[in-house]
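This report walks through one protein model, moving from its sheet to its helices and then to the empty spaces inside it. Please keep the sequence and the 3D view at hand while reading.

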Amino acid sequence: MRFWVLISLVLLSENLLAQATLDTVRNRGFLQCGVNTGLAGFAQPDSRGVWRGLDVDFCRAVAAAVFGDAGKVRYTPLTSQQRFTALQSGEVDVLARNTTWTIVRDTSLGLNFVGVNYYDGQGFMVPKKLGVKSAKELNGATICVQPGTTNELNLADYFRANNMKFKPVVIEKLEEVLAAYFAGRCDAYTTDQSGLVALRASRAPQPADHVVLPELISKEPLGPAVRHGDDRWFDIVKWTLFATVEAEELGLSSKNIDAQAKSANPSVQRFVGANGDIGKMLGLDNRWAYNIVKQVGNYGESFDANLKPLGFERGLNRLWNQGGLMYAPPIR
Ligand SMILES: N[C@@H](CCC(=O)N[C@@H](CS)C(=O)NCC(=O)O)C(=O)O
């Protein structure tokens, strides 16, 4: 009898622990966010050591929603290999690190992807002097790739499907895989197209010496993820992403939200927390979404600030009503 009481208590406390990410984060006083080790436009410290990028803005948005202060974040830089254990073990509360949403990660790795903050696909970069114009010309090539990525798996599939051979050069650290490619140890480097564009612009000794080939060989929906087992936290992080997209659709930006908050539009009234209890339903302040937009901005603002300067087009990442895939369910 006593044994079963003990077992139930253990199970109950585990359940409570698993539900408590919001409390853990609040008590700690800051969000611990897992990000890239350094990918321009997504997550990279600037010359003053301040982290910047689309994924960093997402971390800041979660902090704004939870604390009303986008500054209450600490960043854990993670390689492709390290990122999942860091989230599973509780070292980070959220993983916002150009990570592709796949069924394996969503099930057996124990993650919950909250949505997509960048629709991408995998591509190849080659030195211009090779004269290669298409990935189909890469038969026999030596190809640099990082382990623990979808890229490593898609690469093998693509060559097999096209009856071509390749020699993989698999290197864990970003610095080292780039050094190998730029030193000519590989004929091509493969990763998400966003990574290729950002790395060519920010890391190539001569960006103009490299070309990104036209083929996209996979779908890479990149998005933030949390651990299985805490639905309340999952909701908070998920609706943070939707709030940034909904704000853009409603025309709310960091510049105009104070003026717009006075508008009679019921959707805007609900969004800024002047009407209803949407924040409370999430366990947050009713100004959670206002704080996100005021302090971090809407999705488009973040895209323009971080990715546009590197030469990115909005493409699939436009809003659904402008020909893209960015779509937030109703905030009501
Ligand atoms: N989206 C792919 C690839 C993500 C990825 O790790 N890309 C590399 C190249 S851009 C990267 O970010 N490396 C940074 C690092 O490992 O520090 C995935 O989720 O597996």
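Two strands are said to pair if DSSP finds at least two bridges between them. With that in mind, and remembering that this is a predicted model, we can begin with the sheet.

**The sheet**

An open sheet is formed by 5 strands in the order 10-9-11-8-12, and the pairing within this sheet is mixed. Strand 10 (166-170) and strand 12 (210-212) stand at the edges with a single partner strand each, so one side of each is left without a neighbour in the sheet. On average, and with direction ignored, neighbouring strands of this sheet are turned by 30 degrees against each other. As background, strands of a sheet pair through backbone hydrogen bonds, either parallel or antiparallel.

Strand 9 (residues 141-145) offers two pairings to look at, one with strand 10 and one with strand 11. They are set out in the table below, together with one bridge from each.

| Pair of strands | Sense | Bridges | One bridge |
|---|---|---|---|
| Strand 9 and strand 10 | parallel | 5 bridges | A141 with F166 |
| Strand 9 and strand 11 | parallel | 2 bridges | I143 with A188 |

How many residues of strand 9 are buried? The count is 5 of the 5 residues, so strand 9 is largely enclosed by the rest of the structure. In a regular strand the side chains alternate between the two faces of the sheet. Both faces of strand 9 are covered, since A141, I143 and V145 are buried on one side, and T142 and C144 are buried on the other.

**Helices that lie on the sheet**

Helix 6 (residues 150-161) lies across strand 8 (122-127), strand 9, strand 10 and strand 11, and runs at about 80 degrees to strand 8. Helix 7 (residues 174-182) also packs on the sheet, where it touches strand 8, strand 9, strand 11 and strand 12, and its direction makes about 140 degrees with that of strand 11.

Helix 8 contains L196, a residue that counts as buried because its relative accessibility is 0%, while the cut-off for buried is under 20%. Although L196 and G123 are 73 residues apart along the chain, their C-alpha atoms are separated by 7.5 Å. Leaving aside neighbours within four places in sequence, L196 is in contact with G123, F124, M125, Y189, T191 and V212.

**Two mostly covered helices**

Helix 13 (residues 288-295) is mostly covered, with 6 of its 8 residues buried, namely W288, A289, Y290, N291, I292 and V293. The elements that cover these buried residues include helix 3 (54-67), helix 9 (231-250), helix 10 (257-260), helix 11 (266-272) and helix 12 (278-281). Helix 13 is followed by G297, whose phi is positive, near 105 degrees.

Helix 14 (residues 299-306) is mostly covered as well, and 6 of its 8 residues are buried. The buried residues in helix 14 are Y299, G300, E301, S302, F303 and N306, and what covers them includes strand 3 (51-52), helix 3, strand 7 and helix 9. The N-terminal end of helix 14 is capped by N298, which has a side-chain oxygen 2.9 Å from the backbone nitrogen of G300.

**Spaces inside the model**

The structure holds 2 cavities of 30 Å³ or more, and about 230 Å³ of space lies in the largest cavity. This largest cavity is lined by 22 residues, of which S80, R97, N98, Q146 and T191 lie nearest its centre. Helix 6, strand 11 and helix 8 (193-203) each supply at least two residues of that lining, and strand 11 gives the most, with 4 residues.

One of the lining residues, N98, has its place in the loop between strand 5 (94-95) and helix 5 (103-106). Is N98 buried or exposed? With a relative accessible area of 15%, N98 is buried, because the cut-off for buried is under 20%. The side chains of N98 and N36 are joined by a polar contact of 2.7 Å. Not counting residues up to four places away in sequence, N98 touches N36, L39, D55, R83, D192 and L222.

Apart from the cavities, there is the largest pocket, in which about 240 Å³ of space lies. It is lined by 15 residues, and Y118, Y119, D120, Q193 and E313 are those nearest its centre. Two or more residues of the lining of the largest pocket come from strand 7 (118-120) and likewise from helix 8.

How values were computed
Residues numbered from 1 in each chain as written. Predicted model: local features only at pLDDT ≥ 70, side-chain atom pairs only at ≥ 80, totals over all residues. Heavy atoms only, no water. Axes fitted to C-alpha atoms, helices over the stretch in contact; angles between N-to-C directions. Contact = heavy atoms within 4.5 Å. Buried < 20%, exposed > 50% of the residue type's maximum accessible area, 1.4 Å probe, protein only. Polar contact = N/O pair within 3.5 Å; in protein donor to acceptor, adjacent residues only side chain to side chain. 1 Å grid on protein atoms, 1.4 Å probe; cavity = no way out; pocket = protein on both sides within 12 Å on 5 of 7 lines; lining within 4 Å. Points joined across faces, edges and corners; volume = space filled by probe spheres on them.
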